[in-house]
Amino acid sequence: MQSPSAADMLQIAADAARSKGGEDLLALNVSEPLPLVDIFLLVTGNSERNVAAIADEVEDKMIEAGYKRVRREGRSEARWVLLDFGDLIVHVFHEEERTYYGLERLWKDCPVVPIAEPAPLSASADQD
């Protein structure tokens with residue numbers, strides 16, 4: 001069963017990933033087969049530099065929100081970066097790695113978790 005904080009974590013991570021050009025975001029509820037984790041967030045970047053920027057932004061925003069990173073792997077190669085925040089694990093892939101490893105296929109029996117679109121900036125915010 002997904003924890004309430006996992007949904008909040010997911011939204012923060014998704015917004016951060018999108019802000020750096022993350023594409024094809026997919027969240028899967030993996031709490032049934034993996035009792036120690038609630039959600040996997042899969043994100044695609046279009047280059048190693050983009051993958052690194054997405055991962056760094058997700059990590060920064062999650063820490064700013066008060067969540068602790070448990071583990072990070074793959075940052076030096078920036079082809080598949082894994083960020084573990086306990087209830088949420090973020091996988092930031094280069095396009096080729098995402099296709100090759102196919103986590104969507106491996107976890108196809110897990111329910112998809114909806115990700116809200118970020119709120120549009122108001123016209124008054126643009127004028128500040």
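In this predicted model, six strands line up as an open sheet in the order β3-β4-β5-β2-β1-β6, and their pairing is mixed. At the edges sit β3 (71-73) and β6 (112-113), each of which has a pairing partner on one side only. Further in, β2 (residues 39-45) and β5 (residues 88-94) run parallel and are joined by seven bridges. Across this pairing, Phe-40 stands opposite Ile-89 of β5. Helix α2 (residues 48-64) packs on the sheet, where it touches β2, β3, β4 (80-84) and β5, and its direction makes about 160° with that of β5.

Now for the rings: the structure has four aromatic pairs. One of them brings Phe-40 together with Trp-107, edge-to-face, at 5.3 Å centre to centre and with 80° between the planes. Phe-40 belongs to strand β2, while Trp-107 sits in the loop between α4 (103-106) and β6, so this pair ties together parts that are 67 residues apart in sequence. Both partners are tucked away: Phe-40 is buried at 7% relative accessibility, and Trp-107 is buried too, at 19%, a value that still falls under the 20% cut-off.

Trp-80 and Phe-93 make a tilted pair, because their planes meet at 35°, with the ring centres 4.8 Å apart. This pair links strand β4, home of Trp-80, to strand β5, home of Phe-93, across 13 residues of chain. Here the partners part ways on exposure: Trp-80 is partly exposed, with a relative accessible area of 28%, whereas Phe-93 is buried at 1%. Ring pairs also join Trp-80 and Phe-93 with Tyr-100 and Tyr-101 in a cluster.

How values were computed:
Residues numbered from 1 in each chain as written. Predicted model: local features only at pLDDT ≥ 70, side-chain atom pairs only at ≥ 80, totals over all residues. Heavy atoms only, no water. Pairing = 2+ DSSP bridges. Helix = DSSP H or I, 4+ residues; strand = E, 2+ residues; numbered from the N terminus. Contact = heavy atoms within 4.5 Å. Axes fitted to C-alpha atoms, helices over the stretch in contact; angles between N-to-C directions. Phe/Tyr/Trp six-rings, centres within 6.5 Å; stacked < 30°, edge-to-face > 60°. Buried < 20%, exposed > 50% of the residue type's maximum accessible area, 1.4 Å probe, protein only.
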